[in-house]
Structure formats: C-alpha cells, structure tokens
Amino acid sequence: MPIEAHNEGPIHTTAPVAPGLTFASVTDKISSIVLKRKTPVGWFIGFAISFVLFQLLLLTITKLLFEGIGLWGVNIPVAWGMDILNFVWWIGIGHAGTLISAILLLLRQQWRTSINRFAEAMTLFAVAQAGMYPLMHLGRPWLAYWLFPYPNTMGIWPQFRSPLMWDVFAVSTYATVSAIFWFVGLIPDFATLRDRARSKPFQIVYGMLAMGWRGSARHWHRYEMAYLLLAGLATPLVLSVHTIVSLDFAVGIIPGWHATIFPPYFVAGAIYAGFAMVLLLTIPLRKVYGLESFITMRHMHNMAKVMLATGLIVGYGYIIEAFFGWYSGNRYERYMIWNRMHGPYAYYYWALILCNIITPQFLWIKKIRSNLLVLWLISIVVSIGMWLERFVIVVTSLHRDFLPSSWGMYQPSTWDWTMFIGTIGFFFTLLFLFLRFLPMISIFEMRTILPGAEVEE
Amino acid sequence: MMALGQPVNTIYDFSKADRILSLDADFLAILPGTLRYARNFAARRRITEGKHEMSRLYVIETTPTTTGASADHQWSVKPTEMENAALAIATGLGVKGVPSAPSTSGLEAIARDLQQHKGASIVIAGKEAPPDVHALAHAMNDALGNVGKTVFYTDPVEANSVDQRQSLQELISDIDGGRVEMLVIVGGNPVYNTPADLKLDKDRMFKTKLRVHLSQYRDETSELCHWHIPESHYLEAWSDTRSYDGTVTIVQPLIEPLYQSKSAHELLAVFTPQYDRKPYDIIRDYWQHQGQAAGAGGSQQQGASPVATPSADFESWWRKCVHDGFVPNTALRTRSASVNPGGLSQPNAGGTPAVPGGSPTVREGSNSGTFELVFRTDPTIYDGRFANNGWLQELPKPLSKLTWDNAALVSPNTAKQLGLEKTIGRKGGDIYVDTLKITYQGRTFTDPVPTWITPGQPDGVITVHLGYGRKRAGRVGNNHGFNAYEIRTSDSPWSASGVQVEKAGVQHLLAVTQLHFMLEDRNFSKEDRDVLRSQTLEEYLKGTPAGETHDPPPDDTLYHPELFDYQNQGNGLNYAWGMAIDLNNCVGCNACTIACQSENNIPVVGKEQVVRSREMHWIRVDTYFKGEDANNPEATNFMPVPCMHCENAPCEPVCPVHATVHSAEGLNDMVYNRCVGTKYCSNNCPYKVRRFNFFLYQDWETPTYQLMRNPEVTVRSRGVMEKCTYCVQRIQGAKIQSELEGRKVRDGEIVTACQAVCPTEAIVFGDVNDPNSRVSRLKAEQRNYSLLAELNTKPRTTYLSALRNPNPEIK
C-alpha cells in the first residue's frame with residue numbers, strides 16, 4: 001500500500017513512519033536500544049522505584065496470606081471493593097494490546113506496527129496484575145484451584161452458572177493467547193537479536209528464545225499463517241473478556257449491576273482505558289528513546305481518535321444507565337441512580353463524569369490532539385476516570401441496596417492502597433525489564449511497512 | 001411501700017389484661033417476671049386463627065424502651081412530669097384523696113378506656129419510678145378493681161427485705177467511723193457501683209483492716225481487697241433461689257467448677273462451726289430442715305410461705321424437685337394490701353405533662369442549660385455485671401443498635417438546641433458523635449460523654465446507661481463507654497434534675513450495626529420500600545392490605561423445573577422447612593440473636609471490627625421508627641432478619657464452587673469446607689444476611705472456649721462465608737430420631753434456637769408441606785408477606801405484619 005501524502009499538514013503527522021528509514025537503519029535503531037546503547041540513567045532510577053513499589057506488593061500479599069482479607073476495607077454489605085475494582089481496571093488496560101495487534105492487523109491498519117509490540121507487552125503485564133486480584137481477594141486463596149474444572153476425588157465440578165467461573169476461563173484464556181501472540185510476534189526479532197548480540201549469554205538466551213528461526217521463505221510462510229490465525233483467535237477474546245467481566249456484575253441482582261447494557265459498555269470502556277494507558281506510556285517513551293520517526297504524530301492522532309470514539313460510547317453507557325434508572329420505574333434502580341448523584345459518594349460520580357465524558361471532548365480539536373503534553377494529561381485523566389467508574393459501579397451499588405437496615409459504607413484501608421500501588425510497581429518493573437531486554441518495536445514488521453518493502457506489481 | 005404501708009411484692013397477670021397503662025415500667029425487658037409477662041402480654045395480642053381482639057398498651061415513659069416500642073400509644077415525658085401525668089389519670093379514674101392535676105384530652109381518654117375495662121386492666125409503675133407514682137399505680141389498680149384479678153400482692157421475695165440505701169449508708173458511716181475491721185463482700189462490685197455520695201472508694205476501703213471479696217471476676221473491688229476469692233458460676237455450684245412469684249428453684253450445677261472456685265454458700269459456711277461443708281450438703285440440709293420446720297408448723301423464713309416438704313420421704317421429694325427444677329407450691333401466697341394514696345405531694349411545678357393530647361415542645365427559657373437526667377440499667381450489660389461478656393457487649397442495643405459503648409440519649413430537638421451532630425463515617429459501622437460534659441451536684445463525668453440522638457426521647461432529658469466505664473472488668477469489658485455511676489447519687493438513683501450540660505469539643509467514635517436510614521427515600525420520592533408492614537387492628541379487620549401485593553411472575557425457567565419441586569422429593573417424607581415471624585409479637589428483646597450466637601458458635605469480633613461492619617450475627621433485629629417527626633415517632637417496630645432460605649436463592653447460582661446449595665427440603669445450605677471466599681453470595685443477597693470471616697475470628701486455643709462451643713456445629717475458620725442454617729443440626733437430630741421411631745417429624749419437634757428463646761413466641765418454624773403445621777397455618781394468615789417479594793426470591797422465611805390497636809379517641 002502506498003503511503004499517501006496528505007495535504008493537510010507536514011508529512012510526518014500522517015505517515016506511519018518518518019521518511020528516510022531503511023531496512024538497516026530500522027534494525028540498527030531498534031536493536032541498539034537493547035544491545036548497544038548504554039542503559040540510560042533514567043532507566044535505573046525508574047526501575048529502582050518500580051522495584052521498591054513491587055516489594056510493597058509482596059509485603060501486602062504475604063501479610064494477606066497470613067492474616068486474611070480483613071486487612072482490606074471490605075465489609076458486609078460492600079464485600080467487593082478495591083480488589084475487584086482494580087481487577088477490572090487492570091483488565092481494562094489490558095485490552096488495547098490485543099485490540100491493536102489482532103483487530104487492527106485483520107483490518108490491515110498498518111500504523112499499528114509501531115505500537116503493537118509495546119501495547120501487547122503492556123497488555124500482558126496489566127493482565128498479570130489483574131490476575132492477582134481475583135486470586136488474592138478470596139477468603140482462602142490456597143483453594144483457588146477449585147474454580148478450575150479438573151477431575152477430582154471430591155467428585156464435584158465448579159458451578160458453571162457462576163460468572164466467576166466464566167471469568168476464570170475468560171481471563172486465563174486471554175492471558176494465554178495474549179502471551180502466545182506476543183511471543184510468536186517476537187520470534188523473528190529474537191533471531192535478529194541473537195545474530196547481533198556480541199556477548200555469549202545474550203546469544204544463548206536470545207538463541208533459545210528464537211527457537212531456531214533462520215528466516216527461510218518456508219519459515220516466513222508458516223509464520224505469517226500462524227500469526228494471522230492467532231490474530232483471528234485473539235480477536236473475539238478482546239470482546240469476550242470484558243463482556244464476561246461485566247457479567248460478574250450484570251448477573252447479580254443488585255441495582256446498579258443488573259443491567260443489560262453492561263457488556264458493550266464495559267468493552268468500550270476497556271478499549272478506552274487501554275488506549276489511554278498506551279498513550280500515557282508511549283508519549284514519554286518515544287521522547288526518551290528518540291523513536292519519533294517510528295511512532296509518529298499519526299499514531300498519536302489515531303489513538304486519540306479511538307479514545308474519543310470509545311469515550312463517547314462509554315458516555316452513552318452512563319446516560320443510558322441513568323435514563324433507565326429513572327425510566328424503569330423500579331424504586332431500587334431509581335434510588336441507586338439518585339444515590340450515585342447525591343449520595344455520600346456523589347463526588348466520585350461527578351468526577352467520573354468530568355474525567356470520562358467531558359475531558360475526551362477536547363479530542364475533537366486537532367490542535368489538542370497535536371499537543372503531546374495535553375494529550376498525555378488527558379490520558380491520565382481518562383485512566384483516573386476509568387478507575388472511578390469501577391469504584392462507582394462496584395461500591396456505590398453495593399453500599400446501599402435493598403434494605404436500608406443493612407446499608408453501609410466502604411473505605412479502602414492502607415493495605416488496599418499498598419496492594420494497588422504494589423501492582424503499579426510490579427507493572428512498571430516488568431515494563432522496564434521489557435524495554436531493556438526486548439525490542440519495544442517490532443523490527444521485522446517495521447521493515448515491511450518501509451517504502452522499500454513495496455512490491456511492484 | 002408508701003402506698004401500702006409495708007413491703008410487698010406485686011405481680012401481674014398480663015394474660016387477663018385488656019388495657020395496660022405503664023408508667024415508666026419496662027415490663028417487657030427488665031422486671032424479674034419479664035419473661036412471663038412478655039409471653040402473657042404477647043398471647044393477649046396474638047391475632048391469628050380467627051382471633052380478633054388484642055389488648056391495648058399505653059406507655060408513658062421518661063426514656064424510650066422496647067416496652068414503649070410495643071405500645072399502641074407511647075408518650076415521652078420528663079421525669080418531673082411523670083407524677084402529674086399519673087395524678088391526672090388517677091383523678092380521671094376517681095381515685096380518692098389525690099390532689100387533682102391538670103389533665104389533657106389524651107390522659108382523659110386513657111382514664112375512660114381503663115374505666116371501661118375494670119378488673120381487666122393493669123396500671124404498672126416501673127422500678128425506677130418515684131414512690132409517689134408507685135402509690136398512684138396501686139391506687140389506680142385498686143380503684144379499677146384489678147387487685148386479685150390482674151394484680152396480686154405477696155410478701156416480698158427477698159428473705160430479708162430491707163431498705164438497701166439505708167443499709168449502705170449505715171455501712172459507710174461505720175467504715176468512716178472506723179468501726180469496721182473486717183469487710184467481707186459476697187458478690188457484687190461496690191467499689192465500682194456504689195452511689196457517688198456513698199462511694200466505697202479506695203480511702204474508705206483502706207480504713208478497714210481486712211477485706212475479702214468473693215467474685216467471679218477480679219474486678220475493681222477485688223483490686224482493693226486483701227483476698228479475692230474466685231466465685232463459682234451458678235452453672236458450677238449448688239444453690240437455691242426464688243423466682244419473681246416466690247417459687248423456689250434448686251440450682252443444679254451443670255459441670256464441676258472449671259477452676260478452683262467457691263460458691264457463696266461455701267464462703268458463708270466458713271463463718272459457721274461446720275466450716276468445710278460442701279454446697280450440696282448445705283442446700284440439701286437446708287431443705288430437709290425446712291421440711292421438718294414446716295412439719296412443726298413454723299416457717300424459717302420470715303414472710304415466706306411455708307414449704308410443705310414431706311419429711312418422711314425426703315429423698316424422693318428432693319430428687320423430684322432437683323429433676324423438675326423447682327419446688328412445687330412454693331409460689332408466695334397472695335395477700336391483701338390496703339391502698340392508702342394519702343400523703344401524696346401536690347402536683348409538681350413542672351406543669352401539665354407535655355404529652356397525651358398536648359404538643360411536645362422544648363421548654364426553653366425557664367431553665368435553659370439545665371436538663372433532667374435519667375439513669376437506666378443498660379439494655380445489654382445491665383448494671384455492669386455483664387461487662388466482660390463479649391456476646392452482650394456486641395449485642396446491638398435494641399433502639400440505637402449501638403455496640404461496645406454507652407451513650408447519653410438526647411432527643412433530636414435537644415440535639416439541635418445543644419448543636420449536637422452525628423456523622424456517619426466511611427468504614428461501614430462507624431458513627432462519629434459529639435460529646436457532652438454533664439455535671440450534676442458538682443460532680444462531672446471524667447470523660448466527655450458521647451451522645452446518641454434518639455427518636456422518642458423526651459426533650460430536655462438525657463438518659464445515661466449504667467454498667468460501662470469499667471476499668472477492671474476483664475479483657476473484654478475494660479475501657480468501654482463512660483461510668484454513669486460517677487455522678488449518680490443515692491437520693492436520686494434513677495432520675496435527677498438541675499443537671500448542667502455543656503457541649504464538649506471532642507467527637508467520639510461509636511460502633512453501630514444499623515446506620516438508621518429513612519425507609520422512604522424522602523429526598524427523592526415518597527415511595528416506601530414496603531419492608532416493614534404495619535397497620536391498625538381496625539384496618540386489618542376490615543381486610544385492608546398492609547402492603548403491596550405482587551403478582552407472581554410466570555414460572556418460566558431454563559432450569560429443569562423438577563429441580564425446584566419441593567412437593568415431590570421422592571423420599572416419601574417431603575419436608576419443606578419454613579419459618580414465620582409474627583412482627584406483631586416481636587418486642588425487640590434481641591434474645592434470638594444471643595441464642596443463635598450460642599447455638600451456632602458465632603464469634604465475637606470486637607468494636608474495631610463492628611466499626612468495619614463485620615459483625616457476625618446470623619439473625620439481626622432491625623429497628624424501624626415510623627412517622628414524619630423524629631422527635632415523636634408514631635411507632636417503633638422490630639424485624640428479626642435471619643436467612644430467608646429463598647427457594648430462588650440469588651446467592652446460589654453465583655457461587656463458582658457450589659459452596660452454597662439448595663437441599664431437597666428447601667434449605668439454603670452453606671458448605672463451609674467448600675467455600676473459597678469469593679463473597680459474591682453476600683453481594684447478591686438482597687437481605688444481606690450472610691456473614692464473612694474476614695479474619696480468624698474464632699479462638700481455637702483457649703480451652704474454656706472449646707467447652708463453650710456447640711459440638712454439633714462446625715467452628716468456622718478464616719475466609720469462609722456463613723449464615724443462618726435454620727439450625728440444621730436440630731433438624732437433622734429430629735429427623736434421625738423420627739427415622740429411628742419410624743415416623744415423620746412431628747410439628748413442633750424441631751425448635752430453632754431463636755424460636756426456643758423467643759419470649760413472645762413470635763418465631764415459628766416447621767414443615768410448610770404439612771398444611772396443619774403451625775407454620776403453615778401462620779403462613780395462611782392474611783397478614784403473611786414475603787420481604788422483597790417483588791424480587792421473586794420466594795423466601796421460606798415470611799413475616800406477619802405488625803398491628804397496632806390505637807384508641808380511636810386519641811388522635
């Protein structure tokens with residue numbers, strides 16, 4: 001496909017890559033970050049901070065295993081709090097990667113190439129954080145394997161009617177497929193690194209990871225097919241995971257949970273949050289590592305547009321939720337909406353509206369999309385907004401349900417926060433390791449979109 | 001005493017009373033005969049199986065109580081107004097020789113109503129009411145011809161009835177005069193609870209040379225004694241006692257003393273020549289001797305009726321009494337007492353009571369800044385003797401739902417006047433309240449007193465509960481609440497006026513189990529949630545429905561219909577367990593909660609966990625105040641909420657590991673060892689009756705706790721959900737027994753723990769597949785309804801709506 005030169009602005013805002021790159025320069029530039037260039041001081045600082053925060057997670061989990069989830073702020077009636085809302089938040093963030101890799105691959109959106117490796121890694125690391133929560137939120141986490149259908153002497157299966165059961169399948173499948181997809185995508189690049197690495201240990205490790213890749217035409221043929229099939233496999237998962245996560249709530253009878261709009265609304269929200277996180281991370285990264293020629297302004301614009309579109313769907317979700325709360329005529333639903341807007345957690349609700357509906361409207365303006373600092377701030381606001389959304393759904397629905405005699409309140413405890421901050425630490429720890437040891441942009445795919453890769457017909 | 005000239009014991013027969021007037025008498029909660037009274041009272045108000053008459057209860061009280069909550073008409077008055085209210089009614093009843101007091105239309109209506117039920121009414125004055133009110137109550141009963149019909153006099157139950165205040169005064173003056181060398185304290189905790197003006201404090205204690213204290217706890221008094229003798233619990237030692245009507249009980253121990261302890265009998269025997277006698281011998285010899293004395297025609301105990309013990313065959317008589325638990329025919333004989341209401345003081349300067357018919361207002365100006373103070377024993381830990389009992393500390397107080405603390409009760413108006421506020425915290429069970437500095441006769445509470453805004457509390461009156469502020473109660477009871485004995489004097493033990501009150505700057509954290517919200521979402525719509533149904537008797541008899549009716553939704557289901565068919569279980573027995581709770585009879589005593597806690601090994605979690613809304617009670621009693629005006633609620637209702645055992649239980653399909661499942665008999669079973677603790681079931685329970693072990697709440701180590709537990713019930717570990725099981729262990733026990741005997745379980749054979757203790761028989765359990773069972777008959781009543789029926793959960797626990805029988809003359 002020829003790269004169209006749009007008339008509306010400088011070329012680098014629209015092209016998937018900047019002009020002037022060749023096969024060799026692409027390979028050099030990306031692989032040198034891992035192999036040749038001196039690790040920047042900033043990397044060490046960032047890694048150290050993340051690693052310390054990661055220890056906070058280990059400390060929390062240790063204490064949690066010894067003492068019980070009473071450490072957290074959960075109670076009766078609010079038996080799910082930060083645990084589940086952070087789970088949903090992380091899972092949501094983990095949506096952009098597969099969407100970019102799989103769906104955009106199938107839709108032949110070439111601009112995805114610069115960001116897919118990075119987004120996939122982010123997905124995987126976010127899912128790793130998310131996966132920890134459902135495990136740790138159990139009263140008896142050491143029995144979590146009972147949720148898996150395995151033949152056992154107890155003669156009992158998990159309950160297939162429970163959305164939590166579906167969650168186990170959805171999340172574990174998603175994690176597996178994302179990991180395989182990511183790894184398969186890395187194989188040709190591992191081979192490149194193997195060939196270029198100068199120290200023995202690196203050659204051995206990358207050599208093993210490359211799984212004997214020699215780059216023959218047959219390899220490429222098989223590879224392309226496998227990658228496409230995996231993309232096909234991963235595509236429905238993008239929709240299914242968050243659909244099923246939303247069913248954790250929609251299947252419940254609690255006002256504020258029991259809504260049929262939840263699946264599409266959650267999926268849109270997840271993509272929204274995912275793209276916000278990709279932008280949040282990409283903007284500083286391309287600056288630090290000088291990747292402006294790979295990740296161009298066109299990428300920024302496109303991601304901002306996806307955010308705007310999904311943000312509008314999410315906004316529609318909020319409006320429909322409020323409308324049906326009123327229109328249903330159901331006194332519990334009505335009260336739920338009223339309570340969200342005027343109850344003790346009202347400021348969470350209004351902050352959510354501000355973050356998730358009002359803020360993305362600025363993305364209509366091209367000037368704002370072009371201003372990276374503003375774009376970066378907007379993506380922070382959206383990430384916070386999506387966290388607030390989960391807080392509003394999980395907590396404000398539970399804290400006042402049917403019988404006023406059992407109404408309560410919820411406040412995250414210190415250990416809720418250490419766990420959350422710890423997962424952020426773990427996420428960035430993994431991310432820093434990824435940046436240091438793996439090519440953050442797919443080398444071989446970048447080569448395919450260079451003008452030199454065009455086949456004359 | 002004032003009215004009758006001599007000490008007498010008054011007992012009442014509520015089963016024959018159609019009209020009851022209570023003058024500050026909390027007869028459903030704290031009198032010696034409370035359980036009997038509550039049962040008889042409830043029987044007279046049970047509107048089931050075609051009965052359509054119920055008694056009418058008027059309560060005039062100085063602080064809201066559960067008795068007031070059960071009343072058809074309740075008014076709150078200041079303690080100083082109580083006597084005038086009593087006088088006005090007495091005048092209306094034509095009691096002779098009483099000074100006339102200004103009346104109101106309401107009081108006149110009460111008088112007329114009582115007069116129409118001569119001989120079938122009761123006027124009862126509370127033990128805290130002043131002597132004048134007692135005198136008036138006796139006079140009114142006399143005028144109504146109730147004596148001998150519903151009201152009976154006997155000799156005092158105490159062996160030696162003395163004025164205890166005077167007796168304490170003598171002791172204190174003896175100690176002060178240095179006339180006491182040895183002080184033997186048998187039970188009690190006088191260092192803690194003697195009145196402020198007769199305080200047996202450290203200085204006085206140290207004036208005596210030898211101090212000995214027999215007590216179950218090493219408490220404040222033991223601390224200041226040379227010898228602390230551990231006292232046997234009444235379940236560990238032989239003893240004897242008398243009930244409210246004088247019936248003698250031989251107290252038989254259930255176990256050998258757990259520790260090396262002595263009973264009071266053993267201690268007192270030390271002072272006799274036979275110093276080493278065992279309690280069993282002491283008790284048995286006493287009753288043997290008593291029999292012989294009776295045979296000789298004399299009574300050992302002054303004032304008590306002689307006990308006819310056949311001296312000939314004492315052994316078989318003794319065995320029978322120990323076996324039956326009481327000595328037959330030992331109730332005190334009724335006697336006559338002449339009522340002399342003369343000598344009553346003139347009406348107080350307080351003016352017309354601000355109640356019946358009048359509008360309650362805060363009377364400011366006249367004595368602004370000074371308040372009246374009401375002292376009451378605590379609804380859960382009584383006078384402090386149960387302070388170290390975790391069950392009772394964590395039992396929510398019936399009206400405030402407060403745990404682990406006492407608070408000064410103030411009315412909403414008074415709170416406004418004093419600028420008191422309460423803020424609901426964010427942890428779930430935490431409420432932050434303003435505190436007061438309360439001064440009476442120059443004595444001030446050491447700590448700022450937390451306040452609790454109480455609907456129905458009279459304006460300008462502050463109620464404080466005794467029993468808290470213990471420093472040496474034990475691990476559980478230390479340092480909770482404030483000590484109301486600090487300013488309580490012997491001349492005004494139950495109420496005081498001229499109390500100085502000042503807002504203290506600090507706030508206090510209270511742990512409550514119900515945050516008190518409006519049922520109607522007033523800010524939003526006028527809709528009632530139709531949770532607690534109540535109506536008047538008149539409406540009920542006319543057939544007016546008490547709440548909404550819900551058409552059952554179509555029975556469409558994706559699941560196999562036979563899975564939920566409780567009629568044909570294929571075992572030929574077809575039990576379907578269910579429960580009916582008659583809200584008309586619930587008096588909010590909370591006994592069900594404690595019985596359940598004891599039966600089902602439910603842990604105590606402590607104030608810090610209640611603050612986090614993690615109390616573990618399987619059955620809670622919800623309290624609802626009705627009406628627009630929080631100062632003057634129209635009615636107060638209680639609703640015990642155990643697990644509903646829904647046929648379409650929302651908790652079941654959401655559990656990923658099948659840890660909560662339905663039994664063939666319709667029980668919603670909880671499988672502890674399968675539970676992994678997702679807590680989804682609790683989230684999805686619309687009644688929020690499930691409880692979670694957030695920590696290891698159970699103490700697995702302490703050996704005495706192991707003895708305490710019910711061996712039939714699993715002791716739950718950390719991380720599992722639990723909830724009411726309908727006492728499944730009792731169901732299984734009865735089923736096994738019936739199978740052994742080759743028959744079906746009989747109706748009434750299974751009694752759940754909550755049902756067993758309910759003094760008013762408000763809880764009925766049984767087989768709903770048997771149309772003749774008591775529970776089926778109750779469920780067939782028009783008043784029967786399901787909580788949150790519109791959710792189609794089909795609860796097996798249903799409620800019968802509450803009824804009121806107001807006097808049509810009183811608006």
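Domain bounds here come from an automatic or database domain assignment. The model on display is predicted.

**Domains of chain B.** Begin by colouring chain B according to that assignment: domain 1 covers 9-154, domain 2 covers 164-331, domain 3 covers 370-512, and domain 4 joins 534-539 with 572-804. Next, select domain 1 and domain 4 of chain B; taken over C-alpha atoms, their centres are separated by 34 Å. Contact between this pair involves 16 residues of domain 1 and 16 residues of domain 4. On the domain 1 side, the elements giving two or more residues are α1 (34-44) and α2 (66-69) of chain B. Of these, α1(B) gives the most, with 4 residues. By class, this side of domain 1 has 8 nonpolar, 3 polar and 5 charged residues.

**Strand β6 of chain B.** Now select residues 151-154 of chain B, which form β6(B). B:V151 and B:Y153 lie on one side, B:F152 and B:T154 on the other, and all are buried. In a regular strand, side chains alternate between the two faces of the sheet. Add residues 9-12 of chain B, strand β1, which pairs with β6(B) in the antiparallel sense over 4 bridges. Here B:T10 has B:Y153 as its bridge partner. Then add strand β12 (residues 334-335) of chain B, joined to β6(B) by 2 bridges and running antiparallel to β6(B). In β12(B), the bridge partner of B:Y153 is B:R335.

**Between the chains.** Finally, display the contact between chains A and B, which takes 47 residues from chain A and 52 residues from chain B. On chain A, α6 (163-196) and α11 (331-342) each supply at least two residues. The most comes from α11(A), with 5 residues. The chain A side divides into 28 nonpolar, 13 polar and 6 charged residues.

Methods:
Residues numbered from 1 in each chain as written. Chains lettered and ligands numbered in written order. Predicted model: local features only at pLDDT ≥ 70, side-chain atom pairs only at ≥ 80, totals over all residues. Buried ≥ 20, exposed ≤ 12 C-beta atoms within 10 Å, placed from the backbone. Pairing = 2+ DSSP bridges. Contact = placed C-beta atoms within 7 Å. Nonpolar A, V, L, I, M, F, W, Y, C, P; charged D, E, K, R; others polar.
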